[in-house]
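Q: Please take a close look at the salt bridges in this structure. Where do they sit, and how exposed are the partners?

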Amino acid sequence: LMKQLMIKTRLRAALRSNFARREDGTIAIEAMIIMPMMFWTFLALFSIFDTYRMYGIHQKASYTIADAVSRETLPIDNQYVDGVHEMFEYLASSQGMTNMRISQVKYDADGDRFYKDWSVTRGNLAALDNQAVADWHDRLPNMVDEERIIIVETVTDFDPPFKTGLEQREIVNFVFTRPRYAPRVCYYSCD
């Protein structure tokens, strides 16, 4: 009882004095409240910027691979695919697992559908089949009958540099291009 009375009198005295009206020390208190929020905001903005930067780098690397494959006039093989996969990992500065699928698809105007010429993968992606590509009208450009297109798909794990609410993500790219110097790009043989 005595302790409670002492506390009440001290509080009343503090409130009656200049304590409630004094303003010195408010900047330190405001800084203690705002600084963690500002620090988190800075780290979050850095993480978001880095995430967009990595998305751009991976997209450019995917376009580079698609362009390199589209310029081939001789049949490509597993060694070539291993090489472009390593080149993708180097260009993209990948930190995690990278998956790549390179495919060539042909359009048939009579059936109004796509057919797979060949599909080869590196990593955990499955090769495409005719069933998967048959109705890709919304994913591929308009094509003339018997025209072929090369598709490069890449999937890479990305972990942001700071844990600010951005969880680990997959960077997925879907790039297509027409063969440049030949009507098609062959895999092992042009039979």
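A: What follows goes through the salt bridges pair by pair, then turns to one strand residue.

This is a predicted model. A search of the whole structure finds eight salt bridges. Three pairs are described here, along with one network.

Start with Arg53 and Asp50. Their side chains form a salt bridge, with an N to O distance of 2.7 Å. Both residues belong to helix α2, which covers residues 26-70. They are three residues apart, so about one helical turn separates them. The two ends of the bridge fall into separate exposure classes because the cut-off for buried is under 20% relative accessible area. Arg53 has 39% relative accessibility and counts as partly exposed. Asp50 has 12% and counts as buried.

Next come Arg71 and Asp67. Their side chains also meet in a salt bridge, at 2.9 Å from N to O. Here Arg71 is partly exposed, with 38% relative accessibility. Asp67 is partly exposed as well, with a relative accessible area of 22%. This pair does not stand alone: Asp67, Arg71 and Arg180 are linked in a network of salt bridges.

The third pair is Arg178 and Glu147. Their closest N and O atoms are 2.3 Å apart, and the contact is a salt bridge. Arg178 lies in the segment after strand β4 (169-177). Glu147 lies in the loop between helix α4 (130-133) and strand β3. The bridge therefore ties together parts that are 31 residues apart in sequence. Exposure is again split across the pair. Arg178 is partly exposed at 36% relative accessibility. Glu147 is buried, with a relative accessible area of 17%.

Now to strand β3 itself. The strand spans residues 148-158, and Thr156 is found in it. Thr156 has a relative accessible area of 1%, so it counts as buried. What surrounds Thr156? Leaving out residues up to four places away in sequence, Thr156 touches His58, Phe88, Ser94, Met97, Thr98, Arg169, Glu170 and Ile171. One of these partners, His58, falls within the residue range of helix α2. Another, Arg169, falls within the range of strand β4.

To recap the bridges: Arg53 pairs with Asp50 inside helix α2. Arg71 and Asp67 share a network with Arg180. Arg178 and Glu147 join the segment after β4 to the loop before β3.

Conventions. Residues numbered from 1 in each chain as written. Predicted model: local features only at pLDDT ≥ 70, side-chain atom pairs only at ≥ 80, totals over all residues. Heavy atoms only, no water. Helix = DSSP H or I, 4+ residues; strand = E, 2+ residues; numbered from the N terminus. Buried < 20%, exposed > 50% of the residue type's maximum accessible area, 1.4 Å probe, protein only. Contact = heavy atoms within 4.5 Å. Salt bridge = Lys/Arg side-chain N within 4 Å of Asp/Glu carboxyl O.
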